[in-house]
Amino acid sequence: MTDIAQQTALPYTDEHEIFRTSARRFFEEECVPQQAAWRDAGMAPRSIWKRAGELGFLCPRVPEEYGGAGADFLFSVILLEEQARSGAVSPMLSLHSDVVAPYLVHYGTAEQKSHFLPRMTSGDYVGAIGMTEPSGGSDLKNLRTTARRDGDGYVINGQKTFISNGITANLLVLAAQTTKPDGGRSVSLFLVDTDEVKGFKRGRNLKKLGQKACDTAELFFEDMRVPEGALLGGTEGRGFAQLMNRLVEERLMTAVAAMGIVDHALAVTIDYVKERKAFGQRIIDFQNTRFKLAECKTEAKVLRVFLDHCIREFMAGELDAAMAAMLKYWATEQQVAIVDQCVQLHGGYGYILDYPIAQMWADGRIARIYGGANEVMKDIIGRTI
Ligand SMILES: Cc1cc2nc3c(=O)[nH]c(=O)nc-3n(C[C@H](O)[C@H](O)[C@H](O)COP(=O)(O)OP(=O)(O)OC[C@H]3O[C@@H](n4cnc5c(N)ncnc54)[C@H](O)[C@@H]3O)c2cc1C
């Protein structure tokens, strides 16, 4: 083996590859053809979540005792990579399975796990995470949403915005400030069953530049009462540490998606430049095209090696916050730059939404901002210098 990416390749087994084939089929046959309709609707229907649940594509890592398959992390990587490679941005399965469910798996009480996790693997519950507020998303210590202890529960007041799956979700992991015994504030996370509570309102499904097939919503809490058992893990004040720990995996998964998008962008662009002609020759026959694609291919390979390294570190329990920040920053900068270059090689068609590359350009720009803006990633890395 001479290829460095092959040398560092992840330990995929036949079982993983069978799973990959069925995931690819699901995205290509059941999600890609629906993207235009879901863009018009502003979200995917609940039926596709149920379908994903039936096929074992929701929360594959959840332990068997809670209704999952107890699969390893590579199954989650495969699912997200195949979804990104297919070009289907919706439904946001990975947010549900790799961001929301792990809060329960890692920090939930036995009761919280047995209540929510089987329903998340079946698609009866769809998950969302509410951190960002209108006053700011980067500075998570300064949340304004409050949870006041009241008898045998909490009363929550505040507002969130930009919440992915915010219209669809009926399980919200909500970050709010609780009051410490000394009167100070600390962040706690709450599991809000939105079908069960009063004082919860959904606002607009926000109109976005891209990812129009995914719902992104404002959420309002007006004297919303939740039972004591809604406090994740049952202890107040652990929310900030829980968020910081889980953001490592969220950032790793953002990079997995970036890699899938890069693979897809290069594949459609290489096909295009081999077909399209200008000045009597194929676009690929211009040296500039080959040089640009050579640069993109090199950047993609470097990203693959770095990503696979970080996946291995994560699986060994060794991926730290700074490395995850480096990866998220690097992967999403490469994704956005490579997709932009691919648009250029498509000429005017690269700007027409009938062409997948145009859609990828619009859908992908947010990657440098969400999951922590890339400037915040540099701050995290900078603190280790
Ligand atoms: C489509 C979409 C989906 C999203 N999904 C979710 C979700 O499901 N749940 C959720 O909680 N949030 C979600 N978000 C919110 C997202 O995580 C935030 O937008 C992001 O964290 C940035 O927060 P902000 O928008 O408040 O920007 P601000 O915090 O106001 O920052 C604005 C800009 O200031 C700069 N900046 C900020 N801090 C620093 C710093 N320390 N150093 C240098 N520069 C800095 C950066 O350039 C940053 O982009 C989503 C956003 C979008 C658009």
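These are my notebook entries on a predicted model of one protein.

**Entry 1: overall build**

I began with the whole chain. I find 12 helices and nine strands in the secondary structure. The radius of gyration is 21 Å, close to the 21 Å of the globule rule for 385 residues, so the protein is as compact as a globular protein of that length. Along the principal axes, the C-alpha atoms fill a box of roughly 80 × 40 × 40 Å.

I then looked at cover and contacts. Of the 385 residues, 51% count as buried. I get an exposed surface of about 17,700 Å², with 52% of it supplied by carbon and sulfur atoms. Among contacts with a separation of 6 or more, 74% are between residues 24 or more positions apart.

**Entry 2: the β4–β5 hairpin**

I went to strands β4 (residues 171–179) and β5 next. They run antiparallel and are joined by nine bridges. I checked one position across the pair: Val173 stands opposite Leu191 in β5. The two strands form a hairpin with five residues between them. In the turn, Gly183 has a positive phi of about 90°.

Is β5 mostly covered or mostly open? I find it mostly covered, since eight of its nine residues (185–193) are buried.

**Entry 3: salt bridges**

I count 26 salt bridges. I started with a local one. Glu54 and Arg51 meet through their side chains at 3.3 Å, N to O. Both sit in helix α4, three residues apart, which means about one helical turn separates them. Glu54 counts as exposed because its relative accessibility is 61%. Arg51 counts as partly exposed, at 29%.

Arg61 took more time. Which acidic side chain does Arg61 meet at 2.9 Å, N to O? The partner is Asp98, in a salt bridge. This pair links distant parts of the chain: Arg61 is in the loop between α4 and α5, Asp98 is in helix α6 (residues 93–107), and they are 37 residues apart.

I noted a second salt bridge from Arg61, to Glu249, at 2.6 Å, N to O. Glu249 lies in helix α8 (residues 239–275), so this pair ties together parts that are 188 residues apart in sequence.

I compared the cover on these three residues. Arg61 is partly exposed, with a relative accessible area of 22%. Asp98 has 5% and is buried. Glu249 has 1% relative accessibility and also counts as buried. The cut-off for buried is under 20%, so both acids pass it and Arg61 does not.

I also logged a network of salt bridges. It links Glu17, Arg20, Arg24, Glu81, Glu82, Arg85, Asp263, Arg304 and Asp308.

**Entry 4: surface sites**

I looked for nonpolar surface. Which residues make the patch of about 350 Å²? I find Tyr349, Tyr351 and Ile352 there. Tyr351 is placed in the loop between α10 (321–345) and α11 (356–364). Its relative accessibility is 68%, so Tyr351 counts as exposed.

I picked Glu65 as another loop residue. Glu65 is found between α4 (46–54) and α5 (73–86). At 66% relative accessibility, Glu65 counts as exposed.

How far apart are the C-alpha atoms of Glu65 and Ile352? I get 48 Å, with the two positions 287 residues apart along the chain as the separation.

Notes:
Residues numbered from 1 in each chain as written. Predicted model: local features only at pLDDT ≥ 70, side-chain atom pairs only at ≥ 80, totals over all residues. Heavy atoms only, no water. Patch = residues over 30% accessible without salt bridge, like charges linked within 9 Å, V, L, I, M, F, W, Y side chains within 5 Å. Areas by Shrake-Rupley, 256 points an atom, 1.4 Å probe, with all protein chains shown as cover. Salt bridge = Lys/Arg side-chain N within 4 Å of Asp/Glu carboxyl O. Helix = DSSP H or I, 4+ residues; strand = E, 2+ residues; numbered from the N terminus. Buried < 20%, exposed > 50% of the residue type's maximum accessible area, 1.4 Å probe, protein only. Pairing = 2+ DSSP bridges. Rg over C-alpha atoms; globule rule 2.2 N^0.38 Å. Contact = heavy atoms within 4.5 Å.
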